[in-house]
Structure formats: structure tokens, C-alpha cells
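Colleague: I'm new to this one and don't want the grand tour. Please pick a single part, the aromatic rings, and take me through it slowly, with whatever surroundings help.

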Amino acid sequence: YNLHEKTKVQKDFNRILFAGQLIRGKGLDLLLSSLSKSPSNLVLDICGEGKLREEMERLSVRLSISNRVHFHGHLSAHALYSLYERASVVVMPSQVPETFALSGLDARAYNCLIFAADVGGISHWLVPGESGALFKTGSIKELADLFRRYNEGEFSSLMQNMEYTREDFINRYDKKRHVNKLL
């Protein structure tokens, strides 16, 4: 995909995205629990496969949010990026250190606000107030509070400025520039 193309699809304010493996440590159980304590207009798209899919589907039923959660499984790149285009928020609830977390780069490329656990290398590129917010790893309460604040419009001015930070971010992580720095 071309990071320099502008998003052409209208963002859906209510749409939240999780993209990653459905395995222990990625924090999907935390995300589902937080969503159950959040405004009922928020909808979650889950993209990815893994050993925990059936368990997470059952958890969404137990939490009475299965009507707001869509498990898409493994998607083609085109289908995945279509969901990034529609989403307003990407959540990265990792409970184990992430070295970089590629879904963060994808989220920035598509002007998505990012709510991420403050673990591993995420805080090296996610600047609170610039591209999203960090929450304490494992904290259902803090993530649910971010959803509430988002729903009340607290992040609206940040989202209006995302295009500027998107271009800066793309330039910072451009493939050629990154390879040249490594060389």
C-alpha cells in the first residue's frame, strides 16, 4: 500500500480496530473487558487469527458485547487496510513488550488515533497528545476511561491535527530513510 495516499473513506467515529494475533499477551481479553465498560455506541473490529479466537468470542458473549464485536479473522492486505481507513481508533493493549508494533505504523498512516499499553518500545514512537494516548499495561479501567473520554469528544482537536503528524510520521519511518539510517 502507498503510505503517501490520502485516506479517501469517511472515518466512522464509533469504529475501533484491533489488528494482531489472537494469542496470550496481546491483551485482547483486556480490550474486550474495557469495551464492556465503555459507551455502547463503540464497535470493535478484530482482525487476526490465533489460538484464543474461540475463547475471545465466548468472552464477548459473556460480557454481553458480541453485537458490538466483529471477528474478521485473517484478512488480505486490501481488506485490512479498508478497515484502517474506516476506523477512528486503533487499540494496542499488549501485555508483553512489543519491539515496535507495526499496527501502530499502519494506524498513523491511516490517521487513526492510537490507544496503546505503555509497554516495550511503543512509548518511543507514540507521543501522548500527538497521536493518541498510553495507558498502564493491564489496566481495564484506564482503557475504558480513554474510551469514555474519546466518546465525549476529548480527543477531537487531536484528531483534526492528525494529518500533519501523519506526514511527519511517514517521513520519519519511510523505508528508504530507515534503510539508509541502518546502513
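Modeller: One term up front: a residue is buried when its relative accessible area is under 20%, exposed when over 50%, and partly exposed in between, using a 1.4 Å probe and protein chains only. Keep in mind that this is a predicted model, so local features need pLDDT of at least 70 and side-chain atom pairs count only at pLDDT 80 or more, while totals for chains, interfaces and linings use all residues. Residues are numbered from 1 along each chain as its sequence is written, and side-chain values use heavy atoms, with hydrogens and water left out.

First, the setting. The chain has 183 residues, and 47% of them count as buried. It contains nine helices and six strands (DSSP runs numbered from the N terminus, helices H or I with at least four residues, strands E with at least two). If you take the contacts (heavy atoms within 4.5 Å) with a separation of 6 or more, residues 24 or more positions apart make up 72% of them.

Now the rings. Searching the whole structure turns up seven aromatic pairs; rings of Phe, Tyr and Trp (its six-membered ring) pair if their centres lie within 6.5 Å, and planes under 30 degrees apart count as stacked, over 60 as edge-to-face, the rest as tilted. Take Phe-13 and Tyr-150: their planes sit at 15 degrees with the ring centres 4.5 Å apart, so this pair is stacked. What it joins is far apart in sequence: Phe-13 belongs to the segment before E1 and Tyr-150 to helix H6 (residues 140-151), with 137 residues separating them. How well is each partner covered, buried or exposed or in between? Phe-13 counts as partly exposed, because its relative accessibility is 37%. Tyr-150 has just 1%, so Tyr-150 counts as buried.

Next comes Phe-115 with Phe-147, a tilted pair whose centres are 6.1 Å apart and whose planes make an angle of 55 degrees. This one also bridges distant parts of the chain, from Phe-115 in strand E5 (residues 113-117) to Phe-147 in helix H6, 32 residues apart. Both partners are hidden here: Phe-115 is buried at 0% relative accessibility, and Phe-147 is buried at 1%.

Put those four together with Phe-155 and you get one aromatic cluster: Phe-13, Phe-115, Phe-147, Tyr-150 and Phe-155.

One neighbour is worth a stop, and that's Ser-88. Ser-88 touches both Phe-13 and Tyr-150, the two rings of the stacked pair. Leaving out residues up to four places away in sequence, its other contacts are Lys-11, Asp-12, Arg-15, Cys-112, Leu-113 and Met-159. Where does Ser-88 sit? You'll find Ser-88 in the loop between helix H3 (77-86) and E4. Even so, Ser-88 counts as buried, because its relative accessible area is 2%. A polar atom of the Ser-88 side chain also lies 2.9 Å from the backbone oxygen of Asp-12.

For a companion view of burial, look at helix H1 (residues 28-36). Seven of its nine residues are buried, so H1 is largely enclosed by the rest of the structure. The buried ones in H1 are Leu-28, Leu-30, Leu-31, Leu-32, Ser-33, Ser-34 and Leu-35.

Notes:
Polar contact = N/O pair within 3.5 Å; in protein donor to acceptor, adjacent residues only side chain to side chain.
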